[in-house]
Amino acid sequence: MRQILPTALIALALLTVQGCQVRPLYSSQTGTQAYLASVGIKPADDRVEQELRNRLIFLYSGGQGEPSNPEYTLDMSFKGTPSRALREELTDGITAQRYTAQVTYTLRDNKTKEVIGSGKRTVVTFYDQTTQEFANIRALRDAENRAAHQLAEIIRADTASILTR
C-alpha cells in the first residue's frame, strides 16, 4: 500500500507534464524559418535604412535573398539622430557621442492586404569623437551600422513571433 500511493502520484505528475508543450521559436517544427523566408521588404530611403534592410533580408532568408513572390511585406520608416552623450565640461578632448536609431514597421499579408503586426523599436549606440575628421566620420558610420544590425535582430524576433501565432 505504501508503494502504490507514491507510484500513483508520480504517474499522475507525468501525465500532467505530458500536456505541456514548450518549443523553441526557431525550431524546424514551428516552420518559423519558412515564414521568415516569405517576407519581402520595401526599398530603403537612405544608407542606414538600406543597411537595416540588407541585414533583415539576410536574417530572414538565411543568406538566400528576397523571395520572388513574398507572402508578407515589411514596410519600415527609419530615423537616426546623433547627439552628445556627455556635457562639454566632462569631455577633456574626446567627446562621447550617442546615435539613436528608431524604426517603425508594419507587416502586411499580401493576399488580404491586412496589417498582421506592427511595432516601433529604438536602439542607442555610442562612439567617440576626436579632433580627427575622418575618424569621426568612420566612428559615426560604425555606430549607424551597429544600430542597424541591432534593430534587424529585434525586428526579426518580432516578426517571427507575429508569423508563428
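Two residues count as being in contact here when heavy atoms of theirs lie within 4.5 Å. Keep that in mind as we walk through this structure, which is a predicted model.

Let's start with T159, a residue in helix α4. Leaving aside its neighbours within four places in sequence, T159 is in contact with L36, Y60, L74 and L107. Is T159 buried or exposed? Its relative accessible area is 0%, and the cut-off for buried is under 20%, so T159 is buried.

One of those partners, L74, leads us on to the nonpolar core. The largest such core has 30 residues, and L74 is among those with the most contacts inside it, along with L52, L56, M76 and I155. Which elements give two or more residues to this core? They are β1 (39–41), α3 (47–61), β2 (72–84), β3 (95–109), β4 (115–129) and α4 (133–163). Helix α4 supplies the largest share, 10 residues. As a general point, nonpolar side chains tend to be buried together in soluble globular proteins.

For a look from inside the core, pick L56. Not counting neighbours within four places in sequence, L56 is in contact with I41, L74, M76, A152, I155 and R156. Three of the names there, L74, M76 and I155, also belong to the group with the most contacts inside the core.

Now for the charged residues. In general, side chains of opposite charge can pair when their charged atoms come close. How many salt bridges does a search of the whole structure find? There are 5, and we'll visit some of them.

Take R55 and E153, whose side chains meet in a salt bridge at 3.5 Å, N to O. R55 sits in helix α3 and E153 in helix α4, so this pair ties together parts that are 98 residues apart in sequence. R55 is partly exposed, with a relative accessible area of 23%, and E153 is also partly exposed, at 37%.

Helix α4 turns up again in the next pair. D158 forms a salt bridge with R121, and their closest N and O atoms are 2.7 Å apart. D158 belongs to helix α4 and R121 to strand β4, so the bridge ties together parts that are 37 residues apart in sequence. Here the two partners fall into separate classes: D158 counts as buried at 15% relative accessibility, whereas R121 is partly exposed at 32%.

Helix α3 has another salt bridge to show us, between R53 and E66, with the closest N and O atoms 2.7 Å apart. R53 is in helix α3 itself, while E66 is in the loop between α3 and β2, 13 residues apart along the chain. R53 counts as buried, at 12% relative accessibility, but E66 is partly exposed, at 36%.

Our last stop is T73, which lies in strand β2. Why does T73 count as buried? Its relative accessible area is 15%, and buried means under 20%, so T73 fits. Setting aside residues up to four places away in sequence, T73 touches G40, K42, T106, L107, R108 and N110. With N110 there is something extra, since the side chains of T73 and N110 make a polar contact at 2.7 Å. L107 may ring a bell too, as it is also one of the residues in contact with T159, where our walk began.

Definitions and conventions:
Residues numbered from 1 in each chain as written. Predicted model: local features only at pLDDT ≥ 70, side-chain atom pairs only at ≥ 80, totals over all residues. Heavy atoms only, no water. Core = buried A, V, L, I, M, F, W, Y, C linked by side-chain atoms within 4.5 Å. Buried < 20%, exposed > 50% of the residue type's maximum accessible area, 1.4 Å probe, protein only. Helix = DSSP H or I, 4+ residues; strand = E, 2+ residues; numbered from the N terminus. Salt bridge = Lys/Arg side-chain N within 4 Å of Asp/Glu carboxyl O. Polar contact = N/O pair within 3.5 Å; in protein donor to acceptor, adjacent residues only side chain to side chain.
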